[in-house]
Amino acid sequence: MSEKIFYIKVGGRKIAVSEEVYLEYRHSLDREKYFMKDLKQGRVIVDQENMTVTYIPGREISYESLLEADWDFPSADRPAEDLLIRAQLMEKLEEALHILSDEEMELIQELFYLERTEREAAKLFRVSQNTVHYRKNKVLEKLKGALKKFF
């Protein structure tokens, strides 16, 4: 019984090699495929039980691919200091919101968080649009005064 002959392609030519060299060559090709394809490509996980779909990006993904997928990145023209200041302002605003009464907070939630118009809020609270506008300005002045105390 004759020994099996193994070949690998090098530069478009087939070269006869030993089984040991062939197996090592195949192993290196598999590793390259893993690094080039499996690590770079994302995958989708479908949970039939919860009816959810989750996308897990590859470990190595290009910036352009992330932009195409609409991932959120800090803007290059907004320095980290600006982001920190904004975060601190948001913390102070949250603290200032605690001084509002329940009615004032409800008005702020309707107008700014739920983005209702003054007319829609007026209908909801069963008052005129002018009353909502007046109350909104009073609440904003109250918040402005509270924020000035922080700074």
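**Exercise 1. The two sides of helix α5**

On the other side of α5 from its buried residues, Arg-119 and Lys-123 are exposed. Working with this predicted model, find which residues of helix α5 are buried, and explain why they line one face of the helix.

*Solution.* Begin with the extent of the helix: α5 covers residues 118-125, and its buried residues are Glu-118, Ala-121 and Ala-122. Next, look down the axis of α5, where these buried residues fall within an arc of 105°, so they line one face of the helix. The general background is that an α-helix has 3.6 residues a turn, so residues three or four places apart point the same way. Finally, follow the chain just past the end of α5, where Arg-126 takes a positive phi of about 60°.

**Exercise 2. The two sides of helix α4**

Determine which residues of helix α4 are buried, which are exposed on the other side, and what phi is found at Glu-115, which follows the helix.

*Solution.* First, collect the buried residues of α4, a helix that spans residues 102-113: they are Glu-104, Leu-107, Ile-108, Glu-110 and Leu-111. Then view the helix down its axis; the buried residues of α4 fall within an arc of 165°, so they line one face. On the other side of α4, the exposed residues are Asp-102 and Tyr-113. The last step is to move on to Glu-115, which follows α4 and has a positive phi, near 55°.

**Exercise 3. The nonpolar cores**

Identify the residues of the largest nonpolar core, and state which element gives the largest share of this core.

*Solution.* The largest nonpolar core has 7 residues, namely Ala-96, Leu-97, Leu-100, Ile-108, Val-139, Leu-143 and Ala-146. Assigning them to elements, one finds that α3 (80-97) and α6 (129-150) are the elements that give two or more residues to this core, and that α6 contributes the largest share, with 3 residues. Apart from this core lies another, of 5 residues, among them Leu-107, Leu-111, Ala-121 and Val-132. To examine one member of the largest core in detail, take Ala-146, which, leaving aside its neighbours within four places in sequence, is in contact with Ala-96 and Ile-99.

**Exercise 4. Glu-118 and its partner**

Decide whether Glu-118 counts as buried or exposed, and find what its side chain forms with that of Lys-136.

*Solution.* Start with accessibility: Glu-118 has a relative accessibility of 16%, and because buried means under 20%, the residue counts as buried. Then list its surroundings; not counting residues up to four places away in sequence, Glu-118 touches Leu-111, Gln-129, Val-132, His-133 and Lys-136. With Lys-136 the side chain of Glu-118 meets in a salt bridge, at 2.8 Å from N to O. This pair links distant parts of the chain, since Lys-136 belongs to helix α6 and Glu-118 to helix α5, 18 residues apart. Both partners are buried.

**Exercise 5. Two further salt bridges**

The structure holds 4 salt bridges; describe the one between Glu-104 and Lys-142 and the one between Arg-26 and Asp-30.

*Solution.* Glu-104 and Lys-142 meet through their side chains at 2.9 Å, N to O, and they join helix α4 to helix α6 across 38 residues of the chain. Lys-142 is partly exposed, with a relative accessible area of 34%. Turning to the other pair, the closest N and O atoms of Arg-26 and Asp-30 are 3.9 Å apart. Because Arg-26 and Asp-30 are 4 residues apart in helix α1 (residues 19-38), they are separated by about one helical turn. Arg-26 is partly exposed at 36% relative accessible area, and Asp-30 is partly exposed at 46%.

Terms used: Residues are numbered from 1 along each chain as its sequence is written. This is a predicted model: local features need pLDDT of at least 70, side-chain atom pairs count only at pLDDT 80 or more; totals for chains, interfaces and linings use all residues. Side-chain values use heavy atoms; hydrogens and water are left out. A nonpolar core is a set of buried Ala, Val, Leu, Ile, Met, Phe, Trp, Tyr and Cys residues joined through side-chain atoms within 4.5 Å. Buried means under 20% relative accessible area, exposed over 50%, partly exposed in between (1.4 Å probe, protein chains only). Contact means heavy atoms within 4.5 Å. The arc is that of the directions from the helix axis to the C-beta atoms.
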